[in-house]
Amino acid sequence: MPKKDSTAAVAEKYSVRCRYCGQKNSVREEYKNNEAVCGRCRLPLSNEPHKKFADLSKHDYIHPADSKALAALRAIPGIDTALKKLLTVTGESAIRVTFMASAIKVTPKQCPDLYAKLQIACTTLGVDMPELYVQQNPVVNAFTGGVEKPIIVLHSALIERLNDEETLAVIAHEVGHIHAEHVLYLTAARLIEALTNASLAQLVPGGDIIKFLVSAGISSALLAWARRAELSCDRAALLVTQDPHVIGRTMMKLCGGTFASKIDYDLFLEQAREFQKNYDEKKLDKFWADLLNAGLSHPFPVWRVSEILKWVEDGEYEEIMKK
Ligand SMILES: [Zn+2]
Ligand SMILES: [Zn+2]
């Protein structure tokens, strides 16, 4: 009988509230324990709680290498005036106009699952929603820039390669830059990189200021800090994903690309631990110097995963989760 059939169908449905975004989902009985994803944020459904921090301070998770490098940077005379001058070269509105004209703006209707992930990262860490863009770019990367109002840009290659949880980790890392108040210095660092790498220093109005920043040692101190700042934001990403292995797998993909699906994750973790063992305290300075010389914008992914594992194993992560 039709009526009985429809009642039976309703009984087989199971209601699960998404732990990340709060959306109420109706899932079929057979998917109730696994494999079902939230219809809004696309993240896996489960009955585990997801912590949202009421009053998270950046000092709760900032990596010591970040604070040390930042203190060294701030000690350089005239740095803030010089950087403000540099940032007037492009200016915030120029950054915004560039992405508005060349990238896809994420809204509640445009790429709603990415919008939901941004909202999850912001509500978890306690950050006002920034603008989010997706830009066609084959380099697996993302960045946050701005002066007063930060914007986040995700490269298309990143979204194409990462799954939903890993994409949340990357968005959360970027929101971490906002929460940790990195954005002004980070924007200056990226601008210096762009101007110096492209040998544009003579051609743009900022040429003289770039020359000054390089000669005053500001440029190298700023880039040295920016790489260390990444370690703090990986921690912020963990505070949002609340699973260190999501960070680990994201780093694995940054190392091995889509080929990562054929890579043994446990062996990758072993590689990270071995790496950490080889770089004891004495060699650290040399390592950072090498990194700087290599012209990388981010520390090596294996190093980043070993740093995250260390933070978890030292109990610091759990300490913050109890707050
Ligand atoms: Zn959801
Ligand atoms: Zn970053």
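**Exercise 1. Describe how β4 and β6 pair, then place both strands in their sheet.**

Step 1. Strands β4 and β6 run parallel and are joined by 5 bridges. Two strands count as paired if DSSP finds at least two bridges between them. Helices (H or I, at least four residues) and strands (E, at least two) are DSSP runs, numbered from the N terminus. One bridge of this pair links Glu131 to Ile151 in β6.

Step 2. Note the origin of the coordinates. This is a predicted model, in which local features need pLDDT of at least 70 and side-chain atom pairs count only at pLDDT 80 or more, while totals for chains, interfaces and linings use all residues. Residues are numbered from 1 along each chain as its sequence is written, with chains lettered from A and ligands numbered from 1 in the order in which they are written.

Step 3. Set out the sheet. It is open, has 4 strands in the order β3-β4-β6-β5, and its pairing is mixed. The edge strands are β3 (104-106) and β5 (142-145), each pairing on one side only. Neighbouring strands are turned by 25° against each other on average, direction ignored.

Step 4. Recall the general rule. Strands of a sheet pair through backbone hydrogen bonds, either parallel or antiparallel.

**Exercise 2. Work out the pairings of the two edge strands, β3 and β5.**

Step 1. Take β3. This strand pairs with β4 (residues 131-135) in the antiparallel sense over 3 bridges. Lys105 has Tyr133 of β4 as its bridge partner.

Step 2. Take β5. Its pairing with β6 is antiparallel, over 4 bridges. Ala142 is bridged to Leu154 in β6. Thr144 is bridged to Ile152 in β6.

Step 3. Look at the link. The hairpin of β5 and β6 has 5 residues between the strands, and Gly146 takes a positive phi near 135° there.

**Exercise 3. Is β6 enclosed or open to the outside?**

Step 1. Apply the cut-offs. A residue is buried if 20 or more other C-beta atoms lie within 10 Å of its own, exposed if 12 or fewer, and partly exposed in between; C-beta atoms are placed from the backbone.

Step 2. Count. In β6, 5 of the 5 residues are buried, so the strand is largely enclosed by the rest of the structure.

Step 3. Check each face. Ile151, Val153 and His155 lie on one side, Ile152 and Leu154 on the other, and all are buried.

**Exercise 4. Analyse the crossing of α10 with α11.**

Step 1. Choose the descriptors. Two packed helices are described by the angle between their axes and the distance between the axes. Axes are lines fitted to C-alpha atoms, for helices over the stretch in contact, and angles run from 0 to 180 degrees between N-to-C directions.

Step 2. Read the values. The axes of α10 (residues 244-256) and α11 (residues 265-278) come within 11 Å and cross at roughly 85°. That makes α10 roughly perpendicular to α11. Angles under 35 degrees count as roughly parallel, over 145 as roughly antiparallel, 65 to 115 as roughly perpendicular and the rest as oblique.

Step 3. Name the residues. Gly248, Arg249 and Met252 of α10 meet Tyr265, Phe268 and Leu269 of α11. Contact means that two C-beta atoms, placed from the backbone, lie within 7 Å.

Step 4. Sort by class. The contact has 4 nonpolar, 1 polar and 1 charged residues. Ala, Val, Leu, Ile, Met, Phe, Trp, Tyr, Cys and Pro count as nonpolar, Asp, Glu, Lys and Arg as charged, and the others, Gly among them, as polar.

**Exercise 5. Repeat the analysis for α11 and α13.**

Step 1. The axes of α11 and α13 (residues 301-313) come within 8 Å, crossing at roughly 90°. That makes α11 roughly perpendicular to α13.

Step 2. From α11 the contact uses Gln271, Ala272, Arg273, Phe275 and Gln276; from α13, Val302, Trp303, Val305, Ser306, Leu309 and Lys310.

Step 3. The classes are 6 nonpolar, 3 polar and 2 charged.

**Exercise 6. Which residues does Ala116 touch?**

Step 1. Locate Ala116: this residue is in helix α4. With 25 C-beta neighbours inside 10 Å, Ala116 counts as buried.

Step 2. List the contacts. Not counting residues up to four places away in sequence, Ala116 touches Cys21, Arg40 and Cys41. Cys41 is 75 residues away along the chain, with a C-alpha separation of 5.1 Å.

**Exercise 7. Where is the mean pLDDT lowest and highest among the elements?**

Step 1. The chain averages a pLDDT (the predictor's confidence in each residue, from 0 to 100) of 84, and 83% of the residues score at least 70.

Step 2. Helix α1 (residues 2-11) has the lowest mean, 47, and helix α4 (residues 112-125) the highest, 98. Over residues 1-9 the pLDDT is below 50, and this stretch has 0 contacts beyond near neighbours in sequence.
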